[in-house]
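The following exercises concern charged and polar side-chain pairs. Please work through each task before reading its solution.

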Amino acid sequence: MYYILYLSSLCRRRRWNDPHYRCFAYGGGYMCTVSVDRREYTTETVYDTEDLAKEAAAMKAYLICRNLSVSEGQQHAQQAAPAAYPPPAIG
């Protein structure tokens, strides 16, 4: 269950909402989708238990978000924050 903890920790550091998990029965097992920072990550295989499916979804989300979240989070913050001063003239 390490990736569930890793993903929760990453979300706290990035000041995102906590991950939201939705597990569902599929083909005699379970699949899971996790929502992180307005994105969804879904398992691609069927797991024997909900816990294994949840861990796999957390792993997929964490491995993607840990590499992309810093730059994307900065861009999102810059777009959301109003400019205090007009940009300097160039030239």
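The structure holds 4 salt bridges, a salt bridge being a side-chain nitrogen of Lys or Arg within 4 Å of a carboxyl oxygen of Asp or Glu. This is a predicted model, in which local features need pLDDT of at least 70 and side-chain atom pairs count only at pLDDT 80 or more, while totals for chains, interfaces and linings use all residues. Residues are numbered from 1 along each chain as its sequence is written, and side-chain values use heavy atoms, with hydrogens and water left out.

**Exercise 1.** Determine which residue forms a salt bridge with Glu 40, and where the two partners lie.

Solution. Step one: the partner of Glu 40 is Arg 22, with the closest N and O atoms 2.7 Å apart. Step two: Glu 40 belongs to strand E3 (residues 39-42) and Arg 22 to strand E1 (residues 20-26), so that the pair links distant parts of the chain, 18 residues apart; strands (E, at least two residues) and helices (H or I, at least four) are DSSP runs numbered from the N terminus. Step three: Glu 40 counts as exposed at 52% relative accessibility, whereas Arg 22, at 35%, is partly exposed. Here buried means under 20% relative accessible area, exposed over 50%, and partly exposed in between (1.4 Å probe, protein chains only).

**Exercise 2.** Establish which parts of the chain are tied together by the salt bridge of Lys 60 and Glu 44.

Solution. Step one: the side chains of Lys 60 and Glu 44 meet at 3.1 Å, N to O. Step two: Lys 60 lies in helix H2 (residues 50-80) and Glu 44 in the loop between E3 and H2, so the pair ties together parts that are 16 residues apart in sequence. Step three: Lys 60 is partly exposed at 27% relative accessibility, and Glu 44 is exposed at 68%. Elsewhere, Asp 37, Arg 38 and Arg 39 are joined into one network by salt bridges that share partners.

**Exercise 3.** Decide whether Thr 33 is buried or exposed, and describe its surroundings.

Solution. Step one: Thr 33 is located in strand E2 (residues 29-36). Step two: its relative accessible area is 6%, and Thr 33 is therefore buried. Step three: the side chains of Thr 33 and Thr 42 are joined by a polar contact of 2.9 Å, that is, a pair of N or O atoms within 3.5 Å; within protein, one must be able to donate a hydrogen and the other to accept it, and residues adjacent in sequence count only if both atoms are side-chain atoms. Step four: not counting residues up to four places away in sequence, Thr 33 touches, among others, Arg 22, Phe 24, Glu 40 and Tyr 41, where contact means heavy atoms within 4.5 Å.
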